[in-house]
Amino acid sequence: MIKISINGTVHDVEVEQDTPLLWVLRDVLGMTGTKFGCGVAQCGACTVHVDGTPVRSCQLAVGDVGDMPVVTIEGIGATPAGAKVQKAWMDLQVAQCGYCQSGQIMAAAALLTQTPAPTDADIDAAMAGNICRCGTYVRIRDGVKRAASQA
Amino acid sequence: MDMQPSPSPSGASRRDLLRGLAYGGLLLAVGLPLGRLAVAREDAPTVFAPDAFIRIASDGAATLIMPQVEMGQGIYTAMTMLIAEELDLPLAAVRLEAAPPSDALYGNPIFKVQATGGSTSVRAYWTPMRKAGAAARAMLVQAAAKRWQVDPAACETQDGIVRHAASGRSLPYGELAAAASHMTPPSDPPLKDPKTFRLLGKTQTRLDIEAKGNGTAKYGIDALPPGVKVATLSSCPVPGGKIRRVDDTQARAVAGVRQVVVLEDLVAVVGDHMWAAKKGLDKLVIEWDEGPNATLSTESLRAAMHEAAKRPGVPVKSEGADVRPGDAGVISASYELPFLAHAPMEPMNCTVHLRPGACEIWIGTQVMTMVQAKAAQAAGLKPDQITIHNHLLGGGFGRRLEVDMVDKAVRIAAHVDGPVKVVWTREEDIQKAMYRSTYGSWLSARLENGKPVAWRHTVVGPSVIARWLPPAFSGGVDIDAIDGAADQPYAVGGFHVDYVRHEPQGVPTCFWRGVGPNNNIFSVESFIDRLAREAKNDPLDFRRALLTANPRALQVLNTAAAHAGWGTPLAAKAGERVGRGICLQTVFGSFLSTIAEVAVGDDGTVRVRRLVTAVDCGMVVNPDGVISQIQGGLVFGLSAALHGRITFEKGRVQQSNFHDYRVVRIDEMPAVEVHLVPSTEAPGGIGEPGTTTVQPAVANAIYAATGVQLTRMPIDQTLLAKGGRT
Ligand code: FES
Ligand code: FES
């Protein structure tokens, strides 16, 4: 039995230690907001925050999470940066198919927490790991800037 | 209004289908089967269901049944706007429901099949959906007028309420639902004058936007029926290959693995969750019988296409003076596109619960009735024994117009007790997929006094239509493959277009965002630039002179040129060569011009700095939705230009995931500008045209910067190093 804290709630899960957090969230706990896109840290669709840091949950074994708090897209709206990003994303109508957007929002919220007024280069560095196949990058960039300006 | 179901594909004339596919606007007169359900619903009079699309309950709840699927293109919002405009319903009051499978009720008026693709939705439904809204509104007004004993013409509607101003009476739609069910639908309800539109043409918030920002939006891959197990699979890495032998001893020993299913052409591992299934799959020892395609390579496939290009094609257009490659004074060139994968962010998946006599499916698909038919075939059931829960699509791009993932999932599910979700790994999604085919274009032209006087274009490519929509394929011509070639916008004198059907051996091909025009726009626009150079003319002026009879095309071209600053100097850093390039196109019923600005490093590295696009897509439903689709389409095209390539070696796809099948990321993004040109013409498509403009605009810009004309995609940077080979 492994104990993990997700969005402030502690869950007991019965899986092998090496199971990636992604599949614990999606297939064991039924929290499907976090997405599978590549499984090899190439796309960012599975991004969650672990102890405040953006992490590719397809690469993090659940046994390594320990007592570090996990925040997912289902809980990010309760953080100041997450709420601002979600609002900016709505205002600018960023999402198309939406499948990548959980990961985009998690990456953007982490960026704004670290760097409240990011430059274009900061945005490139923080967001280049998140692919959007629908091509919403113009609005993602504008969305990060808009969220930053709502300090 | 037509009370009959739309004719079946086999009953539709080829000419209608042709016109529908090529110029969707002309088919808008096709009636939807309005009125059918009013009869069927007489047992439930508290719901006003005047047609297949609208439900108004006596508590006032309005539900729209969506025949088109949402894959990011904003169609749920656009379709709702069309109905809500004429029905005078507030957008916020509407609930959406995905339509069940039925070509008769929900067939796309252009395809006659329940399909979302080809940038057809708004073109197909612009009039029928508004008529549906107007008919329902008229019935509600009739019901109110009857109750009040007044003239229906003296009643008006607003925000879901019928009013009679003279007597000051009003009733919400919900209270009229039961009575309206007994009214006769008007045969041809009048539509609003566009000048009075309150929703159409004005940006509205997407109805799906909130759920897509907080993790609650549900895609096929999120389906979780109680007790569901998760499976992942491996099909033969060589298309058409079979399983010879599988040793699953170690796979079965993985914790959480429940079962290994070995079929003729694939093996699947079923587990408690994806990780168990994936670990199990990695532990299988599989021996393949690779079959007849085991020696395929990119080179052999390309050589076969070049061989095919020597065959005489089927004439599509043959008007006026002819021109043949090799004749004196003739300018000739050929252009080629590679195989591509779709790689939507949501990998292929399908969840199936197969029981005796019944099959339940959870999926996100562009083609409900094809899923139903395929599942029935794979399960040995009748179509009406198949239940489908359609979901949002995590990207379609043409890949979800196919049902191979359904076939495989149902065949696996036949061996599993209870529901099973079959999820493809990204590697499976890229390596065992269906692909955008290679295409080639062979062009020749003759110039006199700086203008073309004869033009010949031979298109070489597969016919996806012949497999996917057989009634639309006859006479040996694939109307998609020649789209953008047979109807290019320029006055070129003698005009000859041929089509050579060439199916690449062994490689399963399918539609891909931008479809046939990807090939034709790339080749025509590259060749036009080539001719401009031969004529020693500026690419913009050369085009303008050939567009005097095509004002809409000329206007988008001029608009893009003005915004891009065509002709003004471009700043360049040391070690960079810079240039601009044009694309103009008139496909999918829309007019687009894109001007690309590139910087090419001395080492050949290409950076696209700016894309400026002008769009005239006729009347617009949701302007911000159009801009969003063009922005996204441009990025999709840019990925193809910069990186897109699927290659084969020993029959196997050599790319496997996003590290070697690259797509554009945010740090490669150019500045993007989209300018809408106002128009009162019939609506055009907007899902694909952004994509098709990018390759030629970028290739032409690269020529302007370097003097190297690229004739194949993706960009080969080794050709562009300063002083390198040309
Ligand atoms: S699924 Fe984890 S980075 Fe793509
Ligand atoms: S919105 Fe579709 S992948 Fe980003």
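I will talk about one sheet in chain B, the helices that pack on it, and then the cysteines. Please keep in mind throughout that what we are looking at is a predicted model.

Let me begin with the sheet, which is open and consists of four strands of chain B in the order S22-S23-S24-S27, with mixed pairing. Strands S22 (576-585) and S27 (671-676) stand at the edges, and because each has a single partner strand, one side of each is left without a neighbour in the sheet. On average, neighbouring strands here are turned by 10 degrees against each other, if direction is ignored. If we look at S22(B) and S23(B), the latter covering residues 591-601, we find them paired in the antiparallel sense over ten bridges, and Arg577(B), for instance, has Val600(B) in S23(B) as its bridge partner.

Now to the helices. Helix H16 of chain B, residues 551-564, packs on this sheet and touches S22, S23, S24 and S27, while its direction makes about 140 degrees with that of S24(B). Helix H17 of chain B, residues 623-642, lies across S23, S24 and S27, running at about 135 degrees to S27(B). H17(B) reaches 29 Å from its first C-alpha to its last, close to the 28 Å expected for its 20 residues, and 18 of those 20 residues are buried.

Finally, how many disulfides does a search of the whole structure find? Over all chains, the search finds zero. Take Cys350(B), which is buried at a relative accessible area of 1%: the closest cysteine sulfur, in Cys359(B), is 8.0 Å from its own sulfur, too far for a bond, since a disulfide needs the two sulfur atoms within 2.5 Å. Cys100(A) also counts as buried, at 4% relative accessibility.

Note on methods. Residues are numbered from 1 along each chain as its sequence is written. Chains are lettered from A and ligands numbered from 1 in the order in which they are written. This is a predicted model: local features need pLDDT of at least 70, side-chain atom pairs count only at pLDDT 80 or more; totals for chains, interfaces and linings use all residues. Side-chain values use heavy atoms; hydrogens and water are left out. Buried means under 20% relative accessible area, exposed over 50%, partly exposed in between (1.4 Å probe, protein chains only). Helices (H or I, at least four residues) and strands (E, at least two) are DSSP runs, numbered from the N terminus. The expected span of a helix is 1.5 Å times one less than its number of residues. Two strands pair if DSSP finds at least two bridges between them. Axes are lines fitted to C-alpha atoms, for helices over the stretch in contact, and angles run from 0 to 180 degrees between N-to-C directions. Contact means heavy atoms within 4.5 Å.
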